[in-house]
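Reader: Hey, can you walk me through this one? I'm new to reading structures, so plain words please.

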Amino acid sequence: MSTLTWIVVATAAGGVLSALFAALFLLTPERARTAALPHFVSFATGALLGAALLSLLPHAIEMAGGAGAGRIGLALVGGILLFFVLEKWVLWRHSHGDDPGEHGHAHHARKQDRVAANLILIGDGMHNALDGVAIAAAFMSGIEVGIVTSIAVIAHEIPHEVGAFAILLNGGMSRARALAFNLLSGLTSVVGGLAAYATLGHSLSVLPYAIALAAASLLYVAVADLIPGLHRHVSAAAGVRQVFLILIGVALIFYLAD
């Protein structure tokens, strides 16, 4: 196969496999899905923190070099502020459709879940597109390097996409809609791969800062939206389970990124 064919096949594989894995989640009974959903959100929190702080950000700093580390930090801060403003806009947009008689903590919690679902689509799409760029760059260095890189990316994306799917369900999306968005988000890696193949020289110059922005989006969703949601379950047993699953998510990303 040509290099371009390898890039298309490899980048598409991650999106399709992650969507199929998410579809298996749909096949479980509703009661089991309802019970499992909070656990998936805890795991997703750890996976997002791990992807942002243990994989994306170190990779961005390494690519930028020691002299560019400060600019990576600025890109991270700028990304966090960008997603803060974006969340404000999403909250404002949702508030215009609110029922005037619906108030209180439960209403705010549902709104926060919807915001997390909207933001995870943006952050996940950016992340997958950048994965596509990384795969394309590897294949343009050599087919064997590309295959090894693709396996690592796919292994990382499957648990990450299942966690993202859980967040979409937690945000009130139907199963069919969440699965469709999950698949589309995964396939943005193909777009990233094709863009990198066409303009790799230009992409490499801005890639570290784009990676920092992707890290900022995942970090913001985990800290600003998911962790407050986990605090709704106040029992000691729930807290222990949450910490354990967060650590599992972080450890898995650390293992795959090592």
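Author: Sure. Keep in mind that this is a predicted model. As a starting point, the protein has 258 residues, and 43% of them count as buried.

Reader: Ok, and how many helices and strands are there in the secondary structure?

Author: The count is 8 helices and 0 strands. If you follow the sequence along, the pattern reads α-α-α-α-α-α-α-α.

Reader: What share of the contacts join residues at least 24 apart?

Author: It's 84%, taken among contacts between residues at least 6 apart in sequence.

Reader: Can you show me one residue that does that?

Author: Take Ile211, which sits in helix α7, residues 200-230. Its C-alpha atom is 6.9 Å from that of Leu130, although the two are 81 residues apart along the chain. Setting aside neighbours within four places in sequence, Ile211 is in contact with Leu130 and also with Leu56, His59, Ala60 and Met63.

Reader: Is Ile211 buried or exposed, and why?

Author: Ile211 counts as buried because its relative accessibility is 4%, and the cut-off for buried is under 20%.

Reader: Switching topic: how many aromatic pairs does a search of the whole structure find?

Author: It finds 1 aromatic pair. Trp6 and Phe139 make it, and their rings are stacked, with 5.7 Å centre to centre and 25° between the planes. The pair links distant parts of the chain, with Trp6 in helix α1 (residues 3-26) and Phe139 in helix α4 (residues 105-141), 133 residues apart.

Reader: Which classes do Trp6 and Phe139 fall into, buried or partly exposed?

Author: Trp6 is partly exposed at a relative accessible area of 24%, whereas Phe139 is buried at 3%.

Reader: Got it. What about the outside, how much area does the protein expose?

Author: About 12,400 Å², and carbon and sulfur atoms supply 72% of that. There's also a nonpolar surface patch of about 370 Å², made by Leu4, Val8, Met140, Leu194 and Tyr197. The elements giving two or more residues to this patch are α1 and α6.

Reader: Where does Tyr197 lie?

Author: Tyr197 lies in helix α6. Its relative accessibility is 35%, so Tyr197 counts as partly exposed.

Reader: And which residues of α6 are buried?

Author: They are Ala178, Asn182, Ser185, Gly186, Ser189, Val190, Gly192, Gly193 and Ala196.

Reader: How far apart are the end C-alpha atoms of α6, and what span should its 24 residues have?

Author: The ends of α6 (residues 175-198) are 36 Å apart, and at 1.5 Å a residue the helix should span 34 Å, which agrees.

Reader: Last stop, where is His233 found?

Author: His233 is in the loop between α7 and α8. With a relative accessible area of 43%, His233 is partly exposed. The C-alpha atoms of His233 and Pro38 are 9.5 Å apart, with their positions 195 residues apart along the chain.

Reader: What is His233 in contact with, leaving aside neighbours within four places in sequence?

Author: Ala238 and Gln242. Gln242 belongs to helix α8, residues 236-257, and Gln242 is buried, with a relative accessible area of 11%. Not counting residues up to four places away in sequence, Gln242 touches Ser42 and Leu230 as well as His233.

Reader: So that contact joins a partly exposed His233 to a buried Gln242. Thanks!

Technical notes. Residues are numbered from 1 along each chain as its sequence is written. This is a predicted model: local features need pLDDT of at least 70, side-chain atom pairs count only at pLDDT 80 or more; totals for chains, interfaces and linings use all residues. Side-chain values use heavy atoms; hydrogens and water are left out. Helices (H or I, at least four residues) and strands (E, at least two) are DSSP runs, numbered from the N terminus. Buried means under 20% relative accessible area, exposed over 50%, partly exposed in between (1.4 Å probe, protein chains only). Contact means heavy atoms within 4.5 Å. Rings of Phe, Tyr and Trp (its six-membered ring) pair if their centres lie within 6.5 Å; planes under 30 degrees apart count as stacked, over 60 as edge-to-face and the rest as tilted. The expected span of a helix is 1.5 Å times one less than its number of residues. Accessible areas come from the Shrake-Rupley method with a 1.4 Å probe; for residues, only the protein chains shown count as cover. Patches are made of residues with over 30% relative accessible area and no salt bridge: like charges are joined within 9 Å, nonpolar side chains (Val, Leu, Ile, Met, Phe, Trp, Tyr) within 5 Å. A salt bridge is a side-chain nitrogen of Lys or Arg within 4 Å of a carboxyl oxygen of Asp or Glu.
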